[in-house]
Amino acid sequence: MHWKTLLLLLFYYNAHATVSPRWNRAMLFPDAQRFKRWSSSAPMSPVLQNSLDDVNMLFEFLLAEIEIDRNLRISIKDEELASLRKAKEFDTVCNDIIPKSITEIRRLSARLSDYPRVLKKEDFERTVLTMVYTAYRAARSRMHQKDSWAKSFISLYKALKQDLMFSYSKKPLH
């Protein structure tokens, strides 16, 4: 019986070791993979920050008044900003990709705490937007819910801090 257990563990280790990086990345934001499969009109993997101008635009989106409706859809109130192409990508990431429920956000935090390498640009960006969403929900919740959202925010903050420290420690010193 011990050899069966050993064989099963060896199989599990081998399967785990050969999982492709694409699968690992999809596990952080599974809705991104679903979105890629079903959407033909949108960019395959929307990333909001490709240049310094894009970073500034994202900052403007976040500074503009953002509204979350009862269906948890995020929108930019400023009509001029909302009409920009980057705003459509922002809408896609915020409404179709980032997690919205406290359970999904806790699951993301757990995955991030065990993530073995530096996050890809799109995963880092999505984690930051999830953190913004979590802060928004914490600010508008009451008592027990507020504590749950705040704890989730702190978990995401720690995961991002860990990622930044990991990437900093891996850079060569020249």
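Here are some worked exercises on the chain shown above.

Before you start: this is a predicted model, where local features need pLDDT of at least 70, side-chain atom pairs count only at pLDDT 80 or more, and totals for chains, interfaces and linings use all residues. Residues are numbered from 1 along each chain as its sequence is written, and side-chain values use heavy atoms, with hydrogens and water left out.

**Exercise 1. Work out the overall layout of the chain.**

Step 1: Take the DSSP runs, numbered from the N terminus, with helices being H or I of at least four residues and strands being E of at least two. That gives nine helices and two strands.

Step 2: Put them in sequence order, and you get α-α-α-α-β-β-α-α-α-α-α.

Step 3: Now check the contacts (heavy atoms within 4.5 Å). Of those with a separation of 6 or more, 68% link residues 24 or more positions apart.

Step 4: Finish with the surface, using Shrake-Rupley with a 1.4 Å probe and, for residues, only the protein chains shown as cover. The accessible surface comes to about 12,200 Å², and carbon and sulfur atoms own 59% of that.

**Exercise 2. Find the largest nonpolar core and see what feeds it.**

Step 1: Sort residues by relative accessible area: buried is under 20%, exposed is over 50%, and partly exposed is in between (1.4 Å probe, protein chains only). Of the 174 residues, 33% count as buried.

Step 2: Build the nonpolar core, a set of buried Ala, Val, Leu, Ile, Met, Phe, Trp, Tyr and Cys residues joined through side-chain atoms within 4.5 Å. The largest one has 31 residues, and I74, F90 and L129 touch the most other members.

Step 3: Trace the contributors. Elements giving two or more residues include helix 4 (52–63), strand 2 (74–76) and helix 8 (121–139). Helix 6 supplies the largest share, five residues.

Step 4: Zoom in on L129. Leaving out residues up to four places away in sequence, L129 touches L48, L58, L62, F90, V93, C94 and I98.

**Exercise 3. Characterise helix 6.**

Step 1: Compare its span with the expected one, which is 1.5 Å times one less than the number of residues. Helix 6 has 13 residues and reaches 17 Å from first C-alpha to last, close to the 18 Å expected.

Step 2: List what is buried in helix 6: K86, A87, E89, F90, T92, V93, C94, N95 and I97.

**Exercise 4. Locate the second largest cavity.**

Step 1: On a 1 Å grid over the protein atoms alone, a cavity is a set of points where a 1.4 Å probe fits but cannot get out, and lining residues have an atom within 4 Å of a point. Grid points are joined across faces, edges and corners, and the volume is the space filled by probe spheres set on the points.

Step 2: The structure holds two cavities of 30 Å³ or more, and the second largest has a volume of about 30 Å³.

Step 3: The lining of that second cavity is L48, D54, M57, L58, F61 and K86. Helix 4 gives the largest share, four residues.

**Exercise 5. Inspect two residues with positive phi.**

Step 1: L72 sits in the loop between strand 1 and strand 2. Its phi is near 65°, positive in a residue other than glycine, and L72 is partly exposed at 29% relative accessible area.

Step 2: M143 is in helix 9. Phi of M143 is near 40°, again positive without being glycine, and M143 is exposed at 72% relative accessible area.

Terms used:
On a 1 Å grid over the protein atoms alone, a cavity is a set of points where a 1.4 Å probe fits but cannot get out, and a pocket is an open set with protein on both sides within 12 Å along at least five of seven lines; lining residues have an atom within 4 Å of a point.
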